[in-house]
Amino acid sequence: MNGRTDWTAHIVLGIGVALFVLPVWLVFSASTQDAAMIGRGELSFIPGAGLDIYWKVLSEGAPGVAPVWHLLLVSFGMAMSIAIGKITISVLSAYAIAFFRFPFRLLCFWMIFFTLMLPVEVRIIPTYAVMAGFGLINTFTGLTMPLIASATATLLFRQTFLAIPDELVEAARMDGAGPLRFLRDILLPVSAANIAALFVILFVYGWNQYLWPLLVATDSRLDTIVIGIVKMIGADTSVEWNRVMATAVLAMLPPVAVVVLMQHWFVKGLTEGDK
Amino acid sequence: MASLKLTNLRKSFGTTPVLHGIDLELASGEMLVIVGASGCGKSTLLRLVAGLEEPTAGAIELDGKNVANLDPAQRDIAMVFQNYALYPHMSVFDNMAYALKIRGLSKQDIATRVQETADMLGLGPLLARKPRQLSGGQRQRVAMGRAIVRHPKLFLFDEPLSNLDATLRVSMRAEIKRLQRRMAVTSLYVTHDQVEAMTLGDRLLVLHQGRAVQLATPMEVFERPANIYVAGFIGAPAMNFLPGALSHGGTAVTLDIGPVIPFADGKRPEPDGMKLTIGIRPEHVVANPAGLELQVDLLEPLGSETVIIGRLSDGTMLSVKLPKAEAPAERMNVGFPPAQLHVFDAATGLRLDPG
């Protein structure tokens, strides 16, 4: 601000960075070391043997667990389906609630609002029963579908849409744009930053799912990376910790990549409205 | 290029009536300015014509066809919004091309028409820009261009200049008038600015509390306002009003403050003693050594002229517009030339003409 370096601020920030980075670094460092060494509790901060282990876990995984590339694929598929599915459904429902006058509009709105109080963890048994009834246990659909409905995203989009000036809607009507055209040509592009920001959040949310996949997908072909790590640890007494750590590092990469790639949009979507 | 006819057009929001039956006929190519204070229903009237609101009753005929129940898109009407309402994510070109694209014109036709319109408005070099990269005046032009490029049957302007600064407003006003003449598109122009109303319109519709109080040419509205509201609304500074009564067999007014002024335009048939309100514009009040004494409260120099705001002996406020050199310091004596009086019935507020 006044040109002088503010050392206090730098030190505080430095400590903060260290607190966040150290555990991650420890995981990375452990992944490159010998399994026996970690087993003896001699965990070093300095990376050891090399990166071969990554290739190994990617292609073969660990005893009793599918290769990590497959775990990543399932997780990626699940996170993408959840993020895209949630965005699609909530954009459409928010569009209906924000722009159209139909009977029971408010009732619909409050019903969606109400589901905020019913996350998957609360309704897990009935949801499981429903999925079982549809014969969707151990299927990819069963894995993703119950996680797609989203009140949060609907409410967020509703707010975004309500902030769009009426004149913009009216100008489009006068130009002859019907409801679907308006959605596609005006509303979605104008809300692009919000959609991108939400995508990041939802992708990470989907990626980190644990309880539901654990319950609904017992088939190892549908193991996500999170489940995979847990299985690696719980396999037997001789856990190969370097493999587990390497898998953990790999598990971190896609969400990080999504955040980094979409960072610009993310910040823009949360801070400014491009209207 | 179409004629527009409104018949008994009404609109209520819930139980609140906003428009109490508007009748209006516009010839093809005519520009009608709708003027009134905020809340008079002028924007609602425009939105009814546009199809953005549904009328409670009445007909809207465009070229003899009732469009009151049609979608905005089917009416072939273009509108310029107060805040421009440009699509923020589209370039100037796409903003202008959007309506044409929806109608399924070929890419080439669209390009030609947009280019033509852009050249006419001096937007040629800006076609690739986004709205946020434009100044207020340029956005205004794009909004105009978006309307013009469609070659609509009817133009609607909803206070299009009110977001611009004063200098720009004057030049855009001239430009709108020039464009409207050149394209000869029937237009409705809503404004609360009386200068815009006077300069732009072929005719003027003064709305007051949801009723059409006068529909006439701007000069006629200025010279022969239909009632006290119009008289006070059009003209700046506003017209002065003085109470009085009809006297001398309907040939003169006796002002409550004293003087008797004969009517220059003839005898009123109403009985003597009827309460009147006499209107006189500030620029018509003259200095007259034998006239009423005016205590000067405030001087507002406008450059070539000065507005004097003062009080008569009975406390009535009076404003006078005089050439600069004649402006007094503390007091002056004023006279009211008979030819410049506006006579209104004090009870109804309506203009009283010689019978």
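Q: How far apart are the C-alpha centres of domain 1 of chain A and domain 2 of chain A?
A: They lie 31 Å apart. This is a predicted model, in which local features need pLDDT of at least 70 and side-chain atom pairs count only at pLDDT 80 or more, while totals for chains, interfaces and linings use all residues. Residues are numbered from 1 along each chain as its sequence is written, chains are lettered from A and ligands numbered from 1 in the order in which they are written, and side-chain values use heavy atoms, with hydrogens and water left out.

Q: Which residues belong to which domain of chain A?
A: Domain 1 is 1-50 and domain 2 is 52-271; such bounds come from an automatic or database domain assignment.

Q: How much area is buried between domain 1 and domain 2 of chain A?
A: About 770 Å², with 76% of it from carbon and sulfur atoms. On the domain 1 side, A:Val27, A:Ser31 and A:Ala35 supply 51% of the area buried against domain 2, more than any other three residues. Buried area here is the accessible area (1.4 Å probe) that two parts lose on being put together, summed over both.

Q: How many salt bridges between those two domains?
A: Zero across the interface of domain 1 and domain 2 of chain A. A salt bridge needs a side-chain nitrogen of Lys or Arg within 4 Å of a carboxyl oxygen of Asp or Glu.

Q: And how many residue pairs in polar contact there?
A: Two between domain 1 and domain 2 of chain A, both residues of a pair being at pLDDT 80 or more. The elements giving two or more residues to the domain 1 side are α1 (7-31) and α2 (35-39) of chain A, and α1(A) has the largest share, five residues. By class, that side has six nonpolar, three polar and one charged residues.

Q: What do those terms mean?
A: A polar contact is a pair of N or O atoms within 3.5 Å; within protein, one must be able to donate a hydrogen and the other to accept it, and residues adjacent in sequence count only if both atoms are side-chain atoms. Helices (H or I, at least four residues) and strands (E, at least two) are DSSP runs numbered from the N terminus. Ala, Val, Leu, Ile, Met, Phe, Trp, Tyr, Cys and Pro count as nonpolar, Asp, Glu, Lys and Arg as charged, and the others, Gly among them, as polar.

Q: Switching to the chains: how much do chain A and chain B bury between them?
A: About 1,900 Å², 59% of it on carbon and sulfur atoms. In chain A, A:Arg173, A:Met174 and A:Asp175 lose the most area to chain B, together 39% of what that side buries.

Q: Which residue does B:Arg150 form a salt bridge with?
A: With A:Asp175, the closest N and O atoms being 3.5 Å apart. The rule finds two salt bridges across the interface of chain A and chain B. Both α9 (166-174) and α10 (179-190) of chain A supply at least two residues of the side that touches chain B. The most come from α9(A), with seven residues.

Q: Which residues of α10(A) are buried?
A: A:Phe182, A:Leu183, A:Asp185, A:Ile186, A:Leu187 and A:Val190, where buried means under 20% relative accessible area, exposed over 50%, and partly exposed in between (1.4 Å probe, protein chains only). The buried residues of α10(A) pack against α4 (68-99), α8 (151-162), α9 and α11 (192-207) of chain A, together with α3 (92-102) of chain B.

Q: How many helices and strands in chain B?
A: Nine helices and 19 strands. Of the 355 residues in chain B, 51% are buried.

How values were computed:
Contact = heavy atoms within 4.5 Å.
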